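Thanks for coming. I will go through one structure this morning, starting with how its helices pack. Please have a look at it before I begin.

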Amino acid sequence: MAMDKTFDAKEAEARLYAAWEEAGCFRAGANATDGAESFSIMIPPPNVTGSLHMGHAFNNTLQDILVRWHRMRGHDTLWQPGQDHAGIATQMVVERELAKDSANATRREMGREAFLQKVWEWKQQSGGTIITQLKRLGASCDWDRNAFTMSGAPNAPEGEEGNFHDAVIRVFVEMYDKGLIYRGKRLVNWDPHFETAISDLEVENVEQPGHMWHFKYPLANGATYTYVEKDADGNVLFEEERDYISIATTRPETMLGDGAVAVHPSDERYAPIVGQLCEIPVGPKEHRRQIPIITDEYPDPDFGSGAVKITGAHDFNDYAVAKRGDIPCYRLMDTAARMRADGAPYAEAAELAMAVAKGERGLSENEADAVNLVPDDLRGLDRFEAREAVVRQITDEGLAVMVPPTDPRLGTKPPAAPEEGGEPRDEQLVPLVESKPIMQPFGDRSKVVIEPMLTDQWFVDTTKIVGPALDAVRDGTVQILPERDKKVYFHWLENIEPWCISRQLWWGHQIPVWYAPNPSGGADWMRVCAASEAEALEEIRLLWGEDTDLRLVADEREAAELLQDLVGNLTDEGAIRQPQSPSIVPVFRDPDVLDTWFSSGLWPIGTLGWPEDTDALKRYFPTSVLVTGFDIIFFWVARMMMMQYAVVGERPFDTVYVHALVRDEKGKKMSKSLGNVLDPLDLIDEYGADAVRFTLSAMAAMGRDLKLSKDRIAGYRNFGTKLWNACRFAEMNGVFGADVPEWVATPAPTQTANAWIVGETAQIRAETDAALEQFRFNDAANGLYAFVWGRVCDWYVEFAKPLLDSEDTAVQSETRATMRWVLDRCLLMLHPFMPFITEELWGTLAERDTMLVHGDWPADDPAQLVNEDAAREMSWVISLIEGVRSARAQMRVPAGMHVAMLVSGLDAAGRAAWEANAALISRTARIETLDEVDTFPKGTVTIPVGSATFGLPLEGLIDPAEEIARLEKQKAKLSKEIGGLEGRLKNPKFVESAPDEVVEEARENLAARQEEMTAIDAALDRLRELG
RNA sequence: GGGUGAUUAGCUCAGUGGUAGAGCGCUUCGUUCACAUCGAAGAUGUCAGAGGUUCAAAUCCUCUAUCACCCA
């Protein structure tokens, strides 16, 4: 049965993948030899909502190469797949689905339990998309072990068993008990659309056109000072009596929550007024709030006016200043980022804040949070409406900083001055509003502006667990590649912030903390952290007494109401109760869920069945390699390090291989909004998975972004076709016939070409392994490409043709066996990169004991198999053929014409080489005859090869002038080389200092070049005589 | 503003001190029975610039320029 001319990827890929899966080829430990070392990789879990993008394709191709390589080497291999539950993204997707049909209840209408039901339904229907897609890429994960961060959750349906949920909860409880987790009020990134805290990772900072307003904060009680600006030499540039301090802000609405104005301690301009009070220039006049002018290192004296307003509850930098200076943080917005409408009227709140500013009283965090400093007329407004209102009010009152319309900071083109011919203009001043680009944080899912918000959240006290994570990388226990990414890792961990792990969502691991009234009285709810509701209730019962009626209620509000009914002495809603002796004790669970990263932080142990001491855990943990993108070094890699050490006291992996980004061919980041996204599935449809994979690996130079173009992929698809046809040729020539012995022992062919290619193959095997050991995927891929195409297809197949046609059956069968050995090795070594086409060839060409996926990775030793004599001889043959072809092409000898050839100066080695290879040289270079001569007839084109000179007598066919030009060109090139070599060798310091082998190489090289030069000169002389 | 990296053929990029490379593209020729998703031949470089170290620098050091990314 004749093979097709090309590989039909479309038809074969699904069939081959199904065959692998059916045979269980990817199962943990498949193809492992007895007592083999283990090799394990945890997939970076894609979102359960995710679909395959180029980044996934890249990331998983690299993992698959490593996994297939190790599996073929007989290692006990596991590639653990799975998905994370992607709290916010999944919740959003499901809500959006629900919204498609107006008959559906909304999330809030249906309530938590029912909504989670919907999420699970969605997950079961659509959550497997990415798995199917990874299979199309050829990913050889052990799908039977597919993990999910929410598996085993209390409400999980059938088919979602597993214990990941329990593991996460257990870790929370353990860390809580060890004091590594606490609840506190801190500034977090708040998404006003989803009304939850989000992580830094989920915030995209985007530069947007914005405005910077300049306002006057009048000094209290009409105080004044002399404002002086000096240059670097102390000369006075500007001096003015002022009764205000000038403040610039991009977010005027936050002025309402200012707690202070800060200036740099070294700033002499404001030194006279530090310690005084100034007035926030907005809000009802009769209750204008005053705030202190303080010093702090944060303000940059050279930026704006040098003075900064401090709004601790709505800005991260300000928050730090506020903490340092004990400045109250006043929250201005509600969870949807509308201006607060709760609490006491403004007059009352302002009065309280004034007392604090004057130092007459202090405020606890919670007390400060209860104060609503939004003026009554702005309450309930959207934050952007409030901004407009604030600007308008201040400007109307004349408290905006005014400048002439010519001020360059306005960014508008000023009208021409009168002296330049413009209209005379009155000196009407305008408010200083700079138009400038500002960085704004956006929620990556919601696309709304993120609001720094002071809220109660759960935190991991990262400073307590960061130590081992740092040490492990410092002392090399864990290796990060490329090296430079260590710096990113260190930088982040050395400046680690508390990690906010609570999210105000429903989909996720609900925090295992229950609240009940405190039996010994006291202000706050009593907190009980336990692995289950039953345990929590039991603990509470112990404290309240055996016969207490614990009543589980939905939330804090319900608990408070119940208590109020029972005890009736509650004052503040949401605050504190001190029940005398309730007969029923309400208990409610913390409504928040954990950050998805908290659960993915446990990925290495959680997927292996921890906390049970499973066999998988023993075999595969710590894992071998983590392959991941540089963008999640902090968010995931660092957290896995911290958490694995905190929980099991062990490194999660030996090596982290950090890869770069896949960009479009212009180097732009692929993004939906730019429309430059290449969909890997489209590419697989068009070129086949192998071509896509090979392209990605060939371009995976460590630490460099790769720019992907379709041309490149097409090129590697062609490579597959080339391989296919080399095999097709072999098949047609009986190379894979049943009578051809498969070499098992060390091959030692007699024919030079065979001996040569065997050595070359062993060489590339060693190089491929070395490259893969070092994660140099591009070197491995490019090396194989050059070998298969450039050595095997371009030369060896040609050399083999006359041998296969040989009358001598021993030569013929040796060549068949050699070619089979070589091609099988090509298939084996290419398999991790191009699994489909190689598997198909493997199966098509011969009867095999196993599929290629479980083929034995070669271990040929170049030291044994490289035959130096054969290598030298073949290199002589190749340069002769190339020389002849080049001369023919340039002299325009018709390609098909067989010509006579002459030679002079042929030494013994050359003669032997010719005799051994005459057939193949004649065939590839189209030579009819070879005769030895002392001198060439005129009109001979000469080709120096080693010490011999070959000649093509082409009198009449060639133009002597053209041949002279050709030789002159070669001569010029040679002269340059000879010049360089001579220069070095004449330099005594070179001979003294350079290593011997370098000097020796240069000498040999020079001699060879000089020989060639002599031949060319002789040829030129002859031609000139002729001319 | 801080950090990291990049600058090599028309394009995309390899190249950790010893004769400047690959793929794609381009030009010319070629369908001889593995392959036109092919073959043969060919052209193309101040290795960003300026200094320095070295017998020797694309490679190491310093500075400059430009670009990119990350963090503020």
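Before the first pair of helices, a definition: an axis here is a line fitted to C-alpha atoms, for helices over the stretch in contact, and the angle between two axes runs from 0 to 180 degrees between N-to-C directions. Two packed helices are described by that angle and by the distance between the axes. Keep in mind that this is a predicted model.

The first pair is helix α11, residues 466-474, and helix α18, residues 633-648; their axes come within 8 Å and cross at roughly 115°. Angles of 65 to 115 degrees count as roughly perpendicular, so α11 and α18 are roughly perpendicular to each other. The crossing of α11 past α18 is right-handed. On the α11 side the residues are Val-466, Pro-468, Ala-469, Ala-472 and Val-473, and they meet Met-641, Met-642 and Tyr-645 of α18. Sorted by class, that contact has eight nonpolar residues, no polar ones and no charged ones.

Next, helix α20, residues 689-698, which packs against α21 at an angle of about 115°, with the axes 8 Å apart. These two are therefore also described as roughly perpendicular to each other, and α20 passes α21 in a right-handed crossing. From α20 the contact takes Ala-691, Val-692, Phe-694, Thr-695 and Ala-698, and from α21 it takes Arg-712, Ile-713, Tyr-716, Arg-717 and Phe-719. Its residues divide into seven nonpolar, one polar and two charged.

Helix α21 has another partner. The axes of α21, residues 710-732, and α23, residues 777-804, come within 11 Å and cross at roughly 25°. What does that angle make them? Angles under 35 degrees count as roughly parallel, so α21 and α23 are roughly parallel to each other. Their crossing is left-handed. Among the α21 residues in this contact are Tyr-716, Phe-719, Leu-723 and Phe-729, and the α23 residues include Leu-784, Tyr-785, Trp-789 and Val-797. By class, the contact has twelve nonpolar, two polar and two charged residues. Tyr-716 and Phe-719 are listed in the contact with α20 and in the contact with α23.

Now the sheets. Strands of a sheet pair through backbone hydrogen bonds, either parallel or antiparallel.

One open sheet has three strands in the order β10-β7-β17, with antiparallel pairing. At its edges are β10, residues 244-249, and β17, residues 433-443, each of which pairs on one side only. Neighbouring strands in this sheet are turned by 30° against each other on average, direction ignored. Strand β7, residues 203-218, pairs with β10 over six bridges. Which residue of β10 is the bridge partner of Lys-216? That partner is Ser-246.

The other open sheet has four strands, ordered β32-β31-β34-β33, and its pairing is mixed. Its edge strands are β32, residues 927-932, and β33, residues 940-945. Here the average turn between neighbouring strands is 25°, again ignoring direction. Helix α28, residues 908-925, packs on this sheet and touches β31, β32 and β34; its direction makes about 150° with that of β32. Within the sheet, β31, residues 899-904, and β34, residues 948-953, are antiparallel and share three bridges. Val-903 stands opposite Phe-950 of β34.

A few backbone details, all in loops. The peptide bond from Leu-481 to Pro-482 is cis, with omega near -10°, and Pro-482 lies in the loop between β19 and α12. The bond from Phe-621 to Pro-622 is cis as well, with omega near -5°; Pro-622 lies in the loop between α17 and β27. Ala-337 has a positive phi, near 65°, although Ala-337 is not a glycine. Its place is in the loop between α7 and α8.

Last, confidence. Chain A has a mean pLDDT of 86, and 94% of its residues reach 70 or more. Where in chain A is confidence lowest, and where is it highest? The low end is strand β29, residues 662-663, at a mean of 64, and the high end is strand β2, residues 76-80, at 96. Over residues 570-578 pLDDT stays under 50, and there the model has 18 contacts beyond four places in sequence. Where pLDDT is low, the predicted coordinates should not be read in detail. For the complex, the predictor gives an ipTM of 0.93 and a pTM of 0.89.

Conventions: Residues numbered from 1 in each chain as written. Chains lettered and ligands numbered in written order. Predicted model: local features only at pLDDT ≥ 70, side-chain atom pairs only at ≥ 80, totals over all residues. Heavy atoms only, no water. pLDDT = per-residue confidence, 0-100. Contact = heavy atoms within 4.5 Å. Parallel < 35°, antiparallel > 145°, perpendicular 65-115°, else oblique. Left-handed = near helix turned anticlockwise from the far one by under 90°. Nonpolar A, V, L, I, M, F, W, Y, C, P; charged D, E, K, R; others polar. Pairing = 2+ DSSP bridges.
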